[in-house]
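Here are a few notes to read alongside the structure. Take them in order, with the view open beside you.

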Amino acid sequence: MSRIRISSVTYCGLMKLVSHVMLGKPLTALILNLSAMMVYRAFRNNRKRRLKLVHMSINLLAFIIAVVALQAAFDSHNNKKIPNIYSLHSWLGLCAVIIFAAQWVFGFVAFLFPELNASIRSAMMPVHVFFGLLAFVLSVATALIGLTEKAIFVR
């Protein structure tokens, strides 16, 4: 079995690597991002500060998983001598991760860290919600396109 090194984690075999990518991205896009968005709906009676911390933590975990899955995809392509960022799936996925990272930093700075005044935060909230939904929809679209590509390439 060949051993492939990704950051500080070692995976045995290329198929395990590909399966981690296939599991990591949908897990991130569908379960964790949706859970982070639903925190405010499900726990309306809890303190806002606690909800913000839970929302931020779930999104941070989703981002870490997305980065590891991206690294695994790049390593898999490099090992197979496949060009990186060659398809719509690749470009949408990269855009989704970039928007997601910018959204996380923006949300941290605007709503949690320095605690801007309420009028600025209320003006920024619709923008935060829009880009959060955009990142989620892009992630779901990327996962669906990736599954379609995989089905086409398997033939």
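1. Start with residues 125-147. The chain here is 100% helix and 0% strand, and the C-alpha atoms at its two ends lie 33 Å apart. UniProt, in an unreviewed entry, lists this span as a "transmembrane region", along with residues 23-41, 53-74 and 86-113. Please keep in mind that you are looking at a predicted model.

2. Another span from that UniProt list is worth a look: residues 53-74. Residues 53-74 are likewise 100% helix and 0% strand, with 31 Å between the end C-alpha atoms.

3. Now step back to the overall plan. The protein has two strands and four helices, and going along the sequence you meet them as β-β-α-α-α-α. Among contacts with a separation of 6 or more, 63% join residues 24 or more positions apart.

4. How much of the protein is buried? Of its 155 residues, 30% are buried. The accessible surface is about 9800 Å², and carbon and sulfur atoms account for 72% of that area.

5. Next, find T148, which sits in helix α4, residues 118-154. Is T148 buried or exposed? With a relative accessibility of 46%, T148 falls in between and counts as partly exposed, because buried means under 20% and exposed means over 50%.

6. What lies around T148? A polar atom of the T148 side chain is 2.9 Å from the backbone oxygen of L144. H89 is 59 residues away from T148 in sequence, yet their C-alpha atoms are 9.4 Å apart in space.

7. Finally, the aromatic rings. How many aromatic pairs does a search of the whole structure find? The search finds four. One of them is F106 with F111: the ring centres are 6.4 Å apart and the planes meet at 90°, so this pair is edge-to-face. F106 is partly exposed, at 26% relative accessibility, whereas F111 is buried, at 8%.

8. F130 and F131 also form a pair. Their ring centres are 5.1 Å apart with the planes at 80°, which means that this pair is edge-to-face too, since planes over 60 degrees apart count that way. F131 has a relative accessible area of 35%, so F131 is partly exposed.

Notes. Residues are numbered from 1 along each chain as its sequence is written. This is a predicted model: local features need pLDDT of at least 70, side-chain atom pairs count only at pLDDT 80 or more; totals for chains, interfaces and linings use all residues. Side-chain values use heavy atoms; hydrogens and water are left out. Buried means under 20% relative accessible area, exposed over 50%, partly exposed in between (1.4 Å probe, protein chains only). Contact means heavy atoms within 4.5 Å. Accessible areas come from the Shrake-Rupley method with a 1.4 Å probe; for residues, only the protein chains shown count as cover. A polar contact is a pair of N or O atoms within 3.5 Å; within protein, one must be able to donate a hydrogen and the other to accept it, and residues adjacent in sequence count only if both atoms are side-chain atoms. Rings of Phe, Tyr and Trp (its six-membered ring) pair if their centres lie within 6.5 Å; planes under 30 degrees apart count as stacked, over 60 as edge-to-face and the rest as tilted. UniProt positions are given in the numbering used here, feature names are shortened, and annotations may be inferred rather than shown by experiment.
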